[in-house]
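Subject: Structure handover

Hi,

Here is the structure we talked about. Please open it alongside this email; my notes follow below.

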Amino acid sequence: EGLDNVIARHAKLAAALQAGGDAIGLKMFPTAPMTSDTVTVFTVPDGVDGVAIVKNMHADHGSVIAGSRNALRGKIIRIGTMGIVTGDDIVMDLEHLEATLSGLGHDFEPGAGVAAAQQALN
């Protein structure tokens with residue numbers, strides 16, 4: 001694949017994931033001008049427990065994402081885009097994230113995150 005292609009793939013996957021998260025009302029963390037293309041971190045919406053997001057995504061869908069173990073526990077979620085992750089994986093993670101957030105009471109337009117990611121991937 002070559003290093004340049006790996007870097008470009010990670011950037012494209014991160015952009016798709018971030019577009020999907022934005023479309024369902026998730027804010028990036030941190031808000032610094034430079035973020036990583038290998039892991040995307042979202043701030044958990046008010047009234048939603050980030051620990052529950054991580055647990056429910058795994059229990060209900062088999063999707064593995066991460067939270068935080070420090071002062072940010074329950075306040076952020078992390079989703080990786082590095083390695084053998086594909087565009088299909090990003091779309092599936094967003095489908096699972098949308099279902100999970102909906103079940104936890106977060107209000108957003110269903111399918112908006114998936115549609116935004118698919119547009120970014122095309």
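Where is Pro30 found? Pro30 sits in the loop between S1 and S2. Keep in mind throughout that this is a predicted model.

**The loop and the sheet**

The peptide bond from Phe29 to Pro30 is cis. Its omega is near -5 degrees. The strands on either side of that loop are S1, residues 27–28, and S2, residues 39–43. S1 and S2 pair in the antiparallel sense, over two bridges. Look at Met28 for one example: its bridge partner in S2 is Phe42.

S2 also pairs with S3. Five bridges join S2 to S3, and the two run antiparallel. Here you can pick out Val39, whose bridge partner in S3 is Gly80.

Put together, this is an open sheet of three strands. The order is S1-S2-S3, with antiparallel pairing. S1 and S3 stand at the edges with a single partner strand each, so one side of each is left without a neighbour in the sheet. As background, strands of a sheet pair through backbone hydrogen bonds, either parallel or antiparallel.

**The loop before S3**

Next, go to Gly67. Gly67 lies in the loop between helix H2 (50–61) and S3. Is Gly67 buried or exposed? Gly67 counts as buried, because its relative accessibility is 18% and the cut-off for buried is under 20%.

Which residues does Gly67 contact, leaving aside neighbours within four places in sequence? They are Val54, Ile76, Ile77 and Arg78. Take Arg78: Gly67 and Arg78 are 11 residues apart along the chain. Their C-alpha atoms are separated by 5.8 Å.

**The largest pocket**

The largest pocket has a volume of about 160 Å³. Its lining is Ser63, Val64, Ile79, Gly80, Thr81, Ile84, Val85, Asp89, Met92 and Asp93. Gly80 is also the bridge partner of Val39, so to speak of the sheet again, select that pair when you view the pocket. Strand S3 (76–80) and helix H3 (87–103) each supply at least two residues of that lining. Which element gives the largest share? H3 does, with three residues. By class, the lining has five nonpolar, three polar and two charged residues.

**Helices H3 and H4**

Gly87 is found in H3. Not counting residues up to four places away in sequence, Gly87 touches Leu13 and Leu121. Gly87 and Gln118 are 31 residues apart in sequence. In space they are 8.1 Å apart, C-alpha to C-alpha.

Leu121 is also one of the buried residues of H4. The full set is Ala112, Gly113, Val114, Ala116, Ala117 and Leu121. What covers these buried residues includes helix H1 (3–23) and H3.

Ala120 is also in H4, which spans residues 112–121. Ala120 counts as partly exposed, at 33% relative accessibility. Leaving aside neighbours within four places in sequence, Ala120 is in contact with Lys12, Ala15, Ala16 and Ala19. How far apart in space are Ala120 and Ala59, C-alpha to C-alpha? The answer is 28 Å, with their positions 61 residues apart in sequence. A general point helps when you look down a helix: an α-helix has 3.6 residues a turn, so residues three or four places apart point the same way.

**The salt bridge**

How many salt bridges does the structure hold? It holds one. Glu1 forms it with Arg9. The closest N and O atoms are 2.7 Å apart. Glu1 is exposed, with a relative accessible area of 57%. Arg9 is partly exposed, at 25%.

Best wishes

Definitions and conventions: Residues numbered from 1 in each chain as written. Predicted model: local features only at pLDDT ≥ 70, side-chain atom pairs only at ≥ 80, totals over all residues. Heavy atoms only, no water. Salt bridge = Lys/Arg side-chain N within 4 Å of Asp/Glu carboxyl O. Buried < 20%, exposed > 50% of the residue type's maximum accessible area, 1.4 Å probe, protein only. 1 Å grid on protein atoms, 1.4 Å probe; cavity = no way out; pocket = protein on both sides within 12 Å on 5 of 7 lines; lining within 4 Å. Points joined across faces, edges and corners; volume = space filled by probe spheres on them. Helix = DSSP H or I, 4+ residues; strand = E, 2+ residues; numbered from the N terminus. Nonpolar A, V, L, I, M, F, W, Y, C, P; charged D, E, K, R; others polar. Pairing = 2+ DSSP bridges. Contact = heavy atoms within 4.5 Å.
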